[in-house]
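Open the model in your viewer and keep the sequence panel beside it. We will go from stop to stop, with something to select at each one.

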Amino acid sequence: KATDMELGLSWQSIAEVVKPGSAVVPARGLFDIVRGLSVESVELTLAGDGWMEIKAGRSRFKIVGLQPTEFPPLPQIDKEKGFKFKASDLLSIIDSTSFAMSTDEARYQLNGTYWESSENKLRFAATDGHRLSVVEVAAATQVEIKGAIVPRKGMLELKRLTEKAMNDVELWVGDKYAAARMDGTTLIMRLIEGKFPPYSRVIPKDIKRTLNVDRNEMIAALKRMMTISVE
């Protein structure tokens, strides 16, 4: 488990447990040590007083950490209110909305993606005040999301994990946190407190003119224009 109080991550793996225990150690220090090892098997041993001993082949390391009781607990997830997505479908939703998320700290309520449900449909929206992207998908099960703003940092981490997912991704939304679980990994994201703007008001209700173009030809034309465009 790891957390910076905005994001939390927990992971489970198969291991040979000689004796159960727990420890809190510096993530970067442990990562740098394990990354530099040339053997596949690593033995972790609690040495008392917050120390952990790492053994791998002829290598020995000792790092000091904190007492496990000092580590903040991750929020509990209401598993009955979850809903699933295929990894490819969720990745498509993130790609279709994340580009429109704002980076303006003064408008913090726009620095994320808005999730809500309506009549067995899930809606994801993002805007920076100039662009708006909305994706609506059918929900396989009854889902009730009154409105949650998942922060930009959480959405980017969710995308990174989804890109590696081998199975479906299960999502939850609570009052203060959203969560995602895939392949033994659980991601906890603290929601942004604030009110997302009424984006549906700016979507045209009556579109009088439509234009159908070849997708590849339009992409090629845009690329030619971008060679001489400026900010």
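## First stop: the E1/E2 hairpin

Select Met5, which takes a positive phi near 75° in the hairpin of E1 and E2, where three residues lie between the strands. Helices (H or I, at least four residues) and strands (E, at least two) are DSSP runs, numbered from the N terminus. Before going on, please note that this is a predicted model, in which local features need pLDDT of at least 70 and side-chain atom pairs count only at pLDDT 80 or more, while totals for chains, interfaces and linings use all residues. Residues are numbered from 1 along each chain as its sequence is written, and side-chain values use heavy atoms, with hydrogens and water left out.

Most residues other than glycine have a negative phi. Met5 is not a glycine, yet its phi is positive, about 75°. Met5 sits in the loop between E1 and E2. Is Met5 buried, partly exposed or exposed? Met5 is partly exposed, because its relative accessible area is 48%; buried means under 20% relative accessible area, exposed over 50%, and partly exposed in between (1.4 Å probe, protein chains only).

Now colour the two strands. E1 covers residues 2-3 and E2 covers residues 7-11, and they pair in the antiparallel sense over two bridges. Two strands pair if DSSP finds at least two bridges between them. Click on Ala2 and look across to Leu9, its bridge partner in E2.

## Across to E13

Keep E2 selected and add E13. These strands run antiparallel and are joined by five bridges. Which residue of E13 stands opposite Leu7? Met189 does.

Next, pick Thr185, which belongs to strand E13 (residues 185-190). Thr185 counts as buried because its relative accessibility is 12%. Show its neighbours: leaving aside residues up to four places away in sequence, Thr185 touches Leu9, Ser10, Trp11, Leu161 and Ala180. Contact here means heavy atoms within 4.5 Å.

## Two turns around E4

Move along to Asp49, in the loop between strand E3 (43-48) and strand E4 (51-56). Asp49 is another residue other than glycine with a positive phi, near 55°. Its relative accessible area is 72%, so Asp49 is exposed.

Follow E4 onward to strand E5 (residues 59-64): six bridges join the two, which run antiparallel. To see one such pair, select Met52 and its bridge partner in E5, Ile63. The hairpin of E4 and E5 has two residues between the strands, and there Gly57 takes a positive phi near 60°.

## Ser117 in E7

Select Ser117, found in strand E7 (residues 112-118). Ser117 counts as buried because its relative accessibility is 18%. Which residues does Ser117 touch, not counting those up to four places away in sequence? They are Leu122, Val143, Glu144 and Ile145. For a distance to try in the viewer, go from Ser117 to Val137: the two are 20 residues apart in sequence and 9.5 Å apart in space, C-alpha to C-alpha.

## Pro197, in the loop before H4

Select Pro197, in the loop between E13 and helix H4 (215-226). With a relative accessible area of 32%, Pro197 is partly exposed. Not counting residues up to four places away in sequence, Pro197 touches Leu110 and Thr127. Draw the line to Thr127: it is 70 residues from Pro197 in sequence and 9.0 Å away in space, C-alpha to C-alpha.

## Zoom out

Finally, show the whole chain. The protein has four helices and 13 strands. Its radius of gyration is 22 Å, well over the 17 Å that the globule rule gives for 231 residues, so the protein is more spread out than a compact globule. That radius is taken over C-alpha atoms, and the globule rule is 2.2 Å times the number of residues to the power 0.38. Rotate the C-alpha trace and you will see a span of about 75 × 45 × 35 Å along its principal axes.

Buried residues make up 32% of the 231 residues. Among contacts between residues at least 6 apart in sequence, 60% join residues at least 24 apart.
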